[in-house]
There are 2 protein chains.
Amino acid sequence: MVYIGVDLGGTNIAVGVVNEEGRILAEHSVKTLASRHWSEVIRDMGGCILKALEKGNFKAEDVLSIGIGIPGVADQETGNVIFCTNLGWTDVPLRSELQKYINKPVIIDNDANVAALAENYAGVSAGCKSSVFITLGTGVGGGIVIDGKPWGGSHNRAGEIGHMTLIPDGVPCTCGNNGCVERYCSATALIRMGKQACMGYPDCQIMKLCGGDVDKISAKTVIDAAKAGDPVAERIFADFTKYLTLLINNITAFFDPEMIVIGGGVSHAGEMLVQPIRDQLPRYIMFKAIQAPKIELARLGNEAGIIGAAMLGK
Amino acid sequence: MVYIGVDLGGTNIAVGVVNEEGRILAEHSVKTLASRHWSEVIRDMGGCILKALEKGNFKAEDVLSIGIGIPGVADQETGNVIFCTNLGWTDVPLRSELQKYINKPVIIDNDANVAALAENYAGVSAGCKSSVFITLGTGVGGGIVIDGKPWGGSHNRAGEIGHMTLIPDGVPCTCGNNGCVERYCSATALIRMGKQACMGYPDCQIMKLCGGDVDKISAKTVIDAAKAGDPVAERIFADFTKYLTLLINNITAFFDPEMIVIGGGVSHAGEMLVQPIRDQLPRYIMFKAIQAPKIELARLGNEAGIIGAAMLGK
């Protein structure tokens, strides 16, 4: 028997046939073409699932369940997508509509929860009793796993780590608040800090790497400059890891997971990102004699979306 | 069959015989006399349990388990108290020592977790799938309950809400960090803010209520002055509830419990404390169209320690 995992993104619908251990046995993907009516997108999702099964020589009877990771919020009970900004969806009956094409149990969850679950089954946090996944990309997302199950909260709003307040009255956030984690711990934050630094230090390595055009600064520009030993970029990155340490200390004080996993684009910085956090955390945490959560980099790449979605059915 | 709940405090050991529904059937208490060797304290605890059973006409055979709430940190696996500052205990084999006097399963947990569990069984959060208890006293403590079980974290350090950072680089905390929740949301914080206000506004109601001696200001002084409509005290209390709202927004974004329960001495302020939080929270939370956690006052008083400890065995 197998599980279907669907990674529903703004650009592609990626489907995988996944075994018990979280290994992908067959895959297929199609364009999302999100501007269409949702019923057409879901029809193509159904077709994509059948195609992936066919590629792997599986039949619908082999399928235990279908899990779907979405960049939005789902109602676990009804199987409706409450909203999904990238796709322009509000209150879409994803489960019941998909079951017209393949009548199996359908479980839908947020893509950060799904990535957290993937790491918990087939990645760095495999076997952990509890883990918190933090994804550092354009924004900051999060997922909590307890005893092998994603914790979505009592109103499907858990794991919104990016919108915990880190600095009250700090940098204004797109959500309407000030000082959200997302404004200090994302790729967007590194870019903002990089641009600011270039104004004060026009001779810095960041300015050289972007060819003098600060609009070309990416998170990677700042990371590369810091790796090259540029003192300005190093200072930015030190601030960045300090903010992350503050966040991780708060998560530790409140929830104390066995492991905190860091993924997303910024995590490609590697050990240079996590080692300073490991070094600084003991300075902040209570009960210094007791073990603290392990801080690790995510191991799964793009396939996390499919694997985690499939494991929603376990 | 009954459960034993033990509330181990710095002053008293309070024992209750508790039924399935969390109702206390018989009680007995003795002085802790904490300066003695731990073995003597535990011997008296054993005697106190037997006495409580006798008072209710129960026998040791009627007891399913013994739960103990401690003002400290316990190792759930070994049954040892890792440390308990009030009692001066470090690495005390509480479970095995107590079993010399009554050989039943012994479960030990932090007193804030125990209070959270009590409310979840017999108080305001009864029947909630998940709840977070915040106790606002001299310090700030917390307890998390998921599916009727206390969540102590993977290293017994969860629920340390008082030492989440609220204001980076803020007021120095006894723990060595700056800007901890405890420095802004406790009785101690109200006292500090009341004293500061009296320096600037010597004609304020707080100053009158303390008879001109700022060292006599308690949390109640500030609360009473705010209740009486003193604008200085009202402003302090508005700041206080704003800090609490920030904390509760962070807990909501991360964990999204069904209910957040507020207890401890400051919670005697009543609706005046929780209503401003309920009013302000919608301004901060993400996904404003989705329901937010309910914010309620704790209902159980002193008996919470016994009831919650007993329910550790369920």
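The exercises below, each with a worked solution, concern a predicted model with a chain A and a chain B.

**Exercise 1. The interface**

Task: Describe the contact of chain A and chain B by residues, by buried area and by salt bridges.

Solution.
Step 1. Begin with the residues. On the side of chain A, 50 residues are in contact with 50 residues of chain B.

Step 2. Turn to area. The size of an interface is often given as the accessible area lost when the parts come together. Here chain A and chain B bury about 4,400 Å² between them. Carbon and sulfur atoms account for 61% of this area.

Step 3. Find the residues of chain A that lose the most area to chain B. They are A:H155, A:R157 and A:F254, which together make up 21% of what the chain A side buries.

Step 4. Look for salt bridges across the interface. The rule finds two. A:K242 pairs with B:D169, with 4.0 Å between the closest N and O atoms. B:K242 pairs with A:D169, and here the closest N and O atoms are 3.9 Å apart.

Step 5. Place the pair of B:K242 and A:D169. B:K242 belongs to helix α8 (residues 231-254) of chain B, and A:D169 to the loop between β11 (149-150) and α4 (182-185) of chain A.

Step 6. Compare accessibility with the cut-offs. Exposed requires over 50% relative accessible area, and buried requires under 20%. B:K242 has 32% and so is partly exposed, whereas A:D169 has 66% and so is exposed.

**Exercise 2. Salt bridges within a chain**

Task: Which parts of chain A does the salt bridge of A:R278 and A:E296 tie together, and where do B:D215 and B:K195 lie?

Solution.
Step 1. Set the scene. Over all chains, the structure holds 25 salt bridges.

Step 2. Take A:R278 and A:E296. Their closest N and O atoms are 3.4 Å apart. A:R278 lies in helix α9 (residues 271-284) of chain A and A:E296 in strand β13 (residues 294-297) of chain A, so the salt bridge ties together parts 18 residues apart in sequence. A:R278 is partly exposed at 24%, and A:E296 is partly exposed at 25%.

Step 3. Take B:D215 and B:K195. Their salt bridge has an N to O distance of 3.5 Å. B:D215 is in the loop between α6 (205-209) and α7 (219-227) of chain B, while B:K195 is in helix α5 (residues 187-200) of chain B, so parts 20 residues apart in sequence are tied together. B:D215 is exposed, with 62% relative accessible area, but B:K195 is partly exposed, with 31%.

Step 4. Add a network. Through salt bridges that share partners, A:R36, A:R43 and A:D44 are joined into one.

**Exercise 3. Two helices in chain A**

Task: Work out how helix α3 and helix α10 of chain A pack.

Solution.
Step 1. Read the geometry. Helix α3 (residues 111-122) and helix α10 (residues 304-311) of chain A have axes 7 Å apart, at an angle of about 85°.

Step 2. Classify the angle. The range from 65 to 115 degrees counts as roughly perpendicular, so α3(A) is roughly perpendicular to α10(A).

Step 3. List the residues that meet. From α3(A) come A:V114, A:L117, A:A118, A:Y121 and A:A122. From α10(A) come A:A304, A:G305, A:I307, A:G308, A:A309 and A:M311.

Step 4. Sort them by class. The contact has nine nonpolar residues, two polar residues and no charged residues.

**Exercise 4. Single residues of chain B**

Task: Is B:I306 buried or exposed, and what is the phi of B:L33 and of B:D91?

Solution.
Step 1. Locate B:I306. This residue is in helix α10 (residues 304-311) of chain B.

Step 2. Apply the cut-off. Its relative accessibility is 3%, so B:I306 is buried.

Step 3. Name its contacts. Beyond neighbours within four places in sequence, B:I306 is in contact with residues including B:G5, B:D7, B:V18 and B:E27.

Step 4. Take B:L33. Its phi is near 45°, a positive value in a residue other than glycine. B:L33 sits in the loop between β3 (24-31) and α1 (38-55) of chain B and is partly exposed at 48%.

Step 5. Take B:D91. Its phi is positive at about 55°, although B:D91 is not a glycine. B:D91 belongs to strand β7 (residues 89-92) of chain B and is exposed at 54%.

How values were computed:
Residues are numbered from 1 along each chain as its sequence is written. Chains are lettered from A and ligands numbered from 1 in the order in which they are written. This is a predicted model: local features need pLDDT of at least 70, side-chain atom pairs count only at pLDDT 80 or more; totals for chains, interfaces and linings use all residues. Side-chain values use heavy atoms; hydrogens and water are left out. A salt bridge is a side-chain nitrogen of Lys or Arg within 4 Å of a carboxyl oxygen of Asp or Glu. Helices (H or I, at least four residues) and strands (E, at least two) are DSSP runs, numbered from the N terminus. Buried means under 20% relative accessible area, exposed over 50%, partly exposed in between (1.4 Å probe, protein chains only). Axes are lines fitted to C-alpha atoms, for helices over the stretch in contact, and angles run from 0 to 180 degrees between N-to-C directions. Angles under 35 degrees count as roughly parallel, over 145 as roughly antiparallel, 65 to 115 as roughly perpendicular and the rest as oblique. Contact means heavy atoms within 4.5 Å. Ala, Val, Leu, Ile, Met, Phe, Trp, Tyr, Cys and Pro count as nonpolar, Asp, Glu, Lys and Arg as charged, and the others, Gly among them, as polar. Buried area is the accessible area (1.4 Å probe) that two parts lose on being put together, summed over both.
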